[in-house]
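Me: I am new to this structure. Could you walk me through how its strands and its chain contact are read?

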Amino acid sequence: MERLSLNESPGNTQQQRQQTQQNALGPQAPMTQSGPPQLPPQMFTTAAQLLDLTDKKLVLVLRDGRKLIGVLRSWDQFANLVLQDTIERIYAGKLYADVPRGIFLVRGENVLLLGEVDLDREDEVPTSVTKAPFEEVFELKKKEDSKRKSSDKKRYTELQALGFEPEHSGEILF
Amino acid sequence: MLFFSFFKTLTNQTVTIELKNDIRIRGILKSVDQYLNIKLDDIEVLDLDKYPHLSSIKNMFIRGSVVRYVMLPRSEVDVGLLEDATRRGE
């Protein structure tokens, strides 16, 4: 049976066999490339992933539930990020409001996800939400948050009594 | 590194990712890195009405630490090969 490995490209074993054949023909025989083309390893780094998103308009969701919309200007291997011209979009119930914030430097551990905004569809706000004045949304959000906090607390206490550790102990994720 | 390599073999497949905050996102796996951060293309958010901030997003970078599950196409997973690789400790 062939020794297959996930670390090798599917063509590798075949390649090795060809190589031995060629070596039998002569030590100077050139090596031929076979097997499907593989992406170079440098494509699979944090840097390569974030490079495509640089200077793009992004939605950044933080671990505390904040949604920031801004242009990604700088980053490093930990996904620490710098966003320019950032606005914070607050959602509560069926309402949302925008707050201008400016420049953000976000520590990587607080990043939940980054999404590139499709500029062609950016103005298509889903019908489920409508824009409202900041004060109104903020008040509603405060109410929602305290409600969720108390229900979360209750659930965690009950779970803990049954011997379950909450999945993200102590951390709140939205 | 096994699962890093494993995910690399799944690039350009459609996967569904469930985050620790219950959001489920389906998309084409474009890239993965050593922390299992994942890049998805052509995303579709299941239950989008609950997450309006994710509308009009075309591709996404998800930090590995917030992923709960990755649902993979069954046909693309060679369980035998994975078992083998695990036991060889590579």
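**Strands and the chain contact**

Reply: Start with chain B, and keep in mind that this is a predicted model. Strand 1 (residues 14–19) of chain B pairs with strand 2 (residues 24–32) of chain B. The pairing is antiparallel and has 5 bridges.

Me: Which residue of strand 2 of chain B stands opposite Thr16(B)?

Reply: Arg26(B) does.

Me: What happens between strand 1 and strand 2 of chain B?

Reply: They form a hairpin, with 4 residues between the strands. There, Asp22(B) takes a positive phi near 75°.

Me: How many bridges join strand 2 of chain B to strand 3 of chain B?

Reply: The count is 7, again in the antiparallel sense. Strand 3 covers residues 38–46 of chain B. Ile28(B) has Asp41(B) as its bridge partner. This hairpin has 5 residues between its strands, and Leu36(B) in the turn has a positive phi of about 60°.

Me: How should I picture side chains along a strand?

Reply: In a regular strand, side chains alternate between the two faces of the sheet.

Me: Now the two chains. How many residues does each give to the contact?

Reply: Chain A gives 37 residues and chain B gives 32. On the chain A side, helix 2 (46–51), strand 1 (57–62), strand 3 (81–92) and strand 5 (111–117) each supply at least two residues. Strand 5 of chain A has the largest share, 7 residues. By type, the chain A side divides into 21 nonpolar, 8 polar and 8 charged residues.

Me: Which strand of chain B does strand 5 of chain A join?

Reply: Strand 4 (residues 57–62) of chain B, through 5 bridges, running antiparallel. One bridge pairs Gly115(A) with Met60(B).

Terms used
Residues are numbered from 1 along each chain as its sequence is written. Chains are lettered from A and ligands numbered from 1 in the order in which they are written. This is a predicted model: local features need pLDDT of at least 70, side-chain atom pairs count only at pLDDT 80 or more; totals for chains, interfaces and linings use all residues. Two residues are in contact if their C-beta atoms, placed from the backbone, lie within 7 Å. Ala, Val, Leu, Ile, Met, Phe, Trp, Tyr, Cys and Pro count as nonpolar, Asp, Glu, Lys and Arg as charged, and the others, Gly among them, as polar. Two strands pair if DSSP finds at least two bridges between them.
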